[in-house]
Amino acid sequence: MAATSSMFMYSLTIQPPSAVTQAILGQFAGTKEQQIVTASGSRLTIHRPDPSQGKISTILSQDVFGIIRTLAAFRLAGSNKDYIIIGSDSGRITIIEYVPSQNRFNRIHLETFGKSGIRRVIPGQYLAVDPKGRACLIASVEKNKLVYVLNRNAQAELTISSPLEAHKPQTLVFALVGLDVGYENPVFAALEVDYTECDQDSTGQAYEDLEKLLVYYELDLGLNHVVRKWSDPVDRTATMLFQVPGGADGPSGVLVCGLDNITYRHSNQDPFRVAIPRRRGATENPERKRYIIAGVMHKMRGAFFFLLQSEDGDMFKITLEMVDDDAGQSTPEVKRLKIKYFDTVPIASNLCILKSGFLFVASETGNHHFYQFEKLGDDDEETEFDSDSFPPDPTEPYTPVYFHPRAAENVNLVESIDSMNPQMDCRIANLTEEDAPQIYSICGTGARSSFRTLKHGLEVNDIVGSELPGGPTAVWTTKITRADEYDAYIVLSFKGETLVLSIGETVEEVTDTGFLSSAPTLAVQQLGEDALIQVHPHGIRHIRADRRVNEWPTPQHRYIVAATTNERQVAVALSSGEIVYFEMDTDGSLAEYDEKREMSASVSCLSLGEVPEGRTRSQFLAIGCADSTVRILSLDPESTLENKSVQALTSEPSALSIMAMADSTSGGSTLYLHIGLHSGVYLRTVLDEVTGELSDTRTRFLGPKPAKLFRVSVKGQPAVLALSSRSWLGYSDPQTKGFMLTPLDYNALEYASNFSSEQCVEGMVGIEKNNLRIFSIDKLGNNLLQQSIPLTYTPRKFVRHPDQPLFYTIESDNNTLSPSTKQRLLNDTTLVNGDAAVLPPEDFGYPRAQGHWASCINIVDPITAKAVLQRIDLEENEAAVSLAAVSFSSQDDETFLVIGTGKDIVVAPRSFSAGFIYVYRFLEDGKELEFIHKTKVEQPPQALLGFQGRLLAGIGNELRIYDLGLKQLLRKCQAQVVPNLVVGLQTQGSRIIVSDVQESVVYVVYKYQENLLIPFVDDVVARWTTSTTMVDYETVAGGDKFGNIWLLRCPQKASEEADEDGSGAHLIHERQYLQGAPNRLALLAHFFPQDVPTSIQKTQLVAGGRDVLLWTGLQGTLGIFVPFVSREDVDFFQTLEQHLRTEDAPLAGRDHLIYRGYYVPVKGMIDGDLCERYALLPNDKKQMIAAELDRSVREIERKISDMRTRVAY
């Protein structure tokens, strides 16, 4: 196996994972405002909740190139800034801070304590912090616990001590929390089990008698060591601990949450226990017990409460009642524990309560929710249960308590944050006939699952649209004086006239503005302090504040073909190819420059930059000529209209714009010349502010129409609006300051201008056919737009109709009542468990029942109806597991929908009572399905595929070919080709690629004359395959359940032998190699993207782009692999990647090379996410790396950005 690959790919993330594994709250910027920090896989993100608008926006997101296992916020006593502690897979504890001025994370400490990787005995799984910020404890699942003392030195910098050990061998930790003890010695509480005796006892009696202990570890600050202070047995089902406020705020101690009970425990108090209330309802099982899965404690002045969430999503409010002394003051002694139903929210991995009265729910699956508290549930009708009615001993019996779930009263949803977790499957298709395809994906679980359409673009907020008489050709807005805050006029140019509208409460036509209305307009500008300018084909009108009009007429037999203006200068091009230049005098009049400059070719467009602050003029005039060149002329008084530089283009320029924009290379702002060509290509080049030279040109294809460019402002930053067959916005990315060019999700515009009024401070006005549209762009952070269609159950797989823009999904949920069983229970009046109304399942979930399956087939129309058209429920406890659209040659190539199901499936250990294959016919252009017949098979078919006019099915470890009969499917051929279970099929020609659940892939050839399936090549490594695709006839790309992606290739000789004509006898009789096929696959590339790939496909993402491999991950990731064309590029990026590994080491201390080769050394892959961090490095490091690579910084940044923009977003 060669160490270097013959093929190299560049890995990029298009959409980072959206599954939040942990969320913490704190004042990380050092201000009064709270921020939320979330961990998603290897990404650390800081969000800013905006209480005034009820929205959450992302401030910064960074890939730490390591798995974040746990996060904690802590604050040193007396300070007002929270630090973040990260427990990761690097074998190190990391303390970082957020630096708001530079908008980046800064690592303060990195202390090594063990091996890297996620291991049983290496700390990093649990992290607890003393509430007063004096120490933290980091623990492993088994044996090891380390305590670090945190302090500050004389310079007020954070210091960290050497670790103090609190190890106990053969002990498993279930939960860990820091106790609130005020300023006494810090104490940490843990739930532990000692399994020493279980290991030695073969009878199993020791396991039955096993006790789970609540243990207190005390850090003695005086003696600087840790002691095991107190331990007491608790309920064996206990899984979670919550800290109870202590010191002056409360009694201290912990809440221990177990199966169906919550207990208050502390070393010097009696235990108090309450049961978790169960749901009432005809479809609820009254015996089912719940666990607590998430919770949060919130302190207010003189009070505190807990919100704990059960596995159904129901939140309960827990309060402690204290014993009062004789004077009526409450003492730190607990009297009773109270619990009552609060509200139901989606099942959360974390809950955060903000001081501003909001609740952030980091959902386990589906969208994350941001709620506002309406009230705290103090004065409602809900029954409150207290610990007086329950025995403190967990073994004693008690009467369960019930509640009626209801719609939320205490919290109100203000924002839902898109999350595509878990993402089950994905397809790329261009169903809307646009120039770039869309991404269609199924994600979510249960009733909160959805079918999503992802489209590259920015969200546009449409404010107003009105029809105009005739078709306008251009539009401008202008203020009347320079000091005005808002625009006063909208000027519209038609073929032979100009219309002026005034902007006020309403928009209406005005005639007394001094504008010439009997001619079309070429340019409008507010000039100097209080004058206006109108350029029309026969002259320039200069309208003074007192309505005096100065007219400059064009010379005889000539007219103006192009014009450009700024607040002090005007330049026009005449039909004769002459350039006339004007500048404003001190008295406010326009002075013409003596000489006209003649151009060698006719002029098609001009541009002047804005006047820089503190200057009297823009230095340069850009001129686009019909001979496909752009010339830069100087406007300096010494060298007016002299040629400075020239650039040749591939076609005639149709628009120019000189503007200064933020620049990631220099860190400040840079002058750019934006060029639009007749061929629909957009170019951006750097214009040197001193010499006028043009350099560093970047290009992008916008569409087939000529490109027009307009200077606009978005979020206070200058941006360029580029119009072709679609509208595009060029802007600086808020985080990296890199230049982004993104299409707008909006109708194609013909002309546009900036727009500012009281109602819409920062908007744009545009012309679409004969409509005037005013719109604004509010969000620049997200350039993938999502549209969501709700589905019924957890989607498993989906397939597209071969001709129509329709999709067919199969959905199934385990341990869920099917609709027919549910209806039977609701109709049965003898049931005891209450009479609750049927609750909407998207909020409350479906009724649960052990061993039941609910499953259905949905027809989804994402284009016209944007809804589910038909739903077919499966009966008799069957669950759909696979589907395919197959055209049968025996039926004149008619396409049928084939669905594989299993009856009474138990997921683990795998069992079932039967499998079936259903066949449906498409009716009404695929909008309806008609059932034809079903065929019983031995096992649920996990993979189906159309193959040479017949059906290929993977049933257990067999591969079968079926044809369509009248009563059922007819078996034509079968062979045992994999050792365990077929989970995926791909085909080209007569070659079939079969994926096994744990033994990688096998190549099989089908010999038609002999009707034989012959495996001829398999793999060396046991890969637990989740998805595969054929990259070409010899090569397959796949992913496995450990989060790896790999490319395998069949040896050339074996491939040719398999396709030789004849009976295939030479393949059957070839000698087996090590109990497998005669040949082995070669590994071309291997990469660890840190998400389980659920689908991989070869596709194009942008118009005119190259083919890429697009993969989707379970946690909502979208990523691509771009093949390199030249060896030179490979060497460049490999060297850049090596430099970045040392200069920008991963934040959490993981080694990047080892991380990307987690299971198998990384091969043939370059990590684009790491390369893109180059733009965020400080300038000196950029220069240093550039010098090593023998390139300029701009050149490196261009290469990095081209790798992305040429193939993706």
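Here are some questions and answers about this predicted model.

It's a predicted model, where local features need pLDDT of at least 70, side-chain atom pairs count only at pLDDT 80 or more, and totals for chains, interfaces and linings use all residues. Residues are numbered from 1 along each chain as its sequence is written, and side-chain values use heavy atoms, with hydrogens and water left out.

Q: What makes a stretch count as a helix or a strand, and how many of them are in the protein chain?
A: Both are DSSP runs: H or I over at least four residues for a helix, E over at least two for a strand, numbered from the N terminus. By that rule, the protein chain has 11 helices and 91 strands.

Q: Why does the radius of gyration agree with a compact globule?
A: The rule is 2.2 Å times the number of residues to the power 0.38, with the radius taken over C-alpha atoms. For 1209 residues that gives a value near 33 Å, and the protein chain has 35 Å, so the two agree.

Q: What makes a residue "buried", and what percentage of the protein chain is that?
A: Buried means under 20% relative accessible area, exposed is over 50%, and partly exposed is in between (1.4 Å probe, protein chains only). Buried residues make up 57% of the 1209 here.

Q: What do we know about residues 19-417?
A: An unreviewed UniProt entry annotates them as "domain: RSE1/DDB1/CPSF1 first beta-propeller"; such annotations may be inferred rather than shown by experiment. In the model, this stretch is 2% helix and 52% strand, with its end C-alpha atoms 11 Å apart.
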